[in-house]
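Biologist: I am new to this structure and would like a close look at a single part. Please take me through the pockets.

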Amino acid sequence: LAQIAEEARSLGIADRVHLLGNVDPLRDIPDLLALATLVVMPSKHEAFGLIALEAWASGKPALLADHSGLARLGRAFGDGSWLVGSLDPRAWAAAIEAALTDPDRRRHAALRGRALVQSRFDWAVVSTSISATYQRVLQEHRRNQPGANHDRH
């Protein structure tokens, strides 16, 4: 944090950079997302991308690094222009500028993201999928029990 704060000072933008550190996910995240225009995730190591889902569920567009779990999530989103394929700050600056200067594109991305969350990651959808998986496992287990009738489906 100290290095980032120093960099912001040296660039003359310290008054516009707010380093929050750890925040309370239940209290702070919804408020921060409500204030956001764009969520930016230049992470090199992200197993899944819960923050992107939270952004989309909140109706916010998200720029994602085309790496690790974010890449897979970005492809599910279906619009590769919201994936940034480089970790170069100039590539991110260009992607951020393109997003911030086009409100219609941001609005469309926010709607698309919200629809993706509702169709694939809503708790009702996820729990139904998990339940179906458990049912398949139980059926397979029953079929493999000694004395089970293997002709049944």
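Modeller: What follows describes the two pockets and a helix that helps to line one of them. This is a predicted model, in which local features need pLDDT of at least 70, side-chain atom pairs count only at pLDDT 80 or more, and totals for linings use all residues. Residues are numbered from 1 along each chain as its sequence is written, and side-chain values use heavy atoms, with hydrogens and water left out.

A pocket here is an open set of points on a 1 Å grid over the protein atoms alone, where a 1.4 Å probe fits, with protein on both sides within 12 Å along at least five of seven lines; lining residues have an atom within 4 Å of a point. Its volume is the space filled by probe spheres set on the points, which are joined across faces, edges and corners.

The second largest pocket has a volume of about 270 Å³. Phe48, Phe121, Asp122 and Trp123 are among its lining residues. Helices and strands are DSSP runs (H or I, at least four residues; E, at least two), numbered from the N terminus. α3 gives the most to this lining, four residues, while α6 (103-121) and α7 each supply at least two.

Asp122 also caps the N-terminal end of α7, with a side-chain oxygen 3.0 Å from the backbone nitrogen of Ala124. Helix α7 covers residues 123-143.

The largest pocket holds about 1100 Å³ of space. Of the 20 residues that line it, Arg16, Val17, His18, Leu20 and Val40 are the closest to its centre. α2 provides the largest share of that lining, four residues.

Note on methods: The expected span of a helix is 1.5 Å times one less than its number of residues. A polar contact is a pair of N or O atoms within 3.5 Å; within protein, one must be able to donate a hydrogen and the other to accept it, and residues adjacent in sequence count only if both atoms are side-chain atoms.
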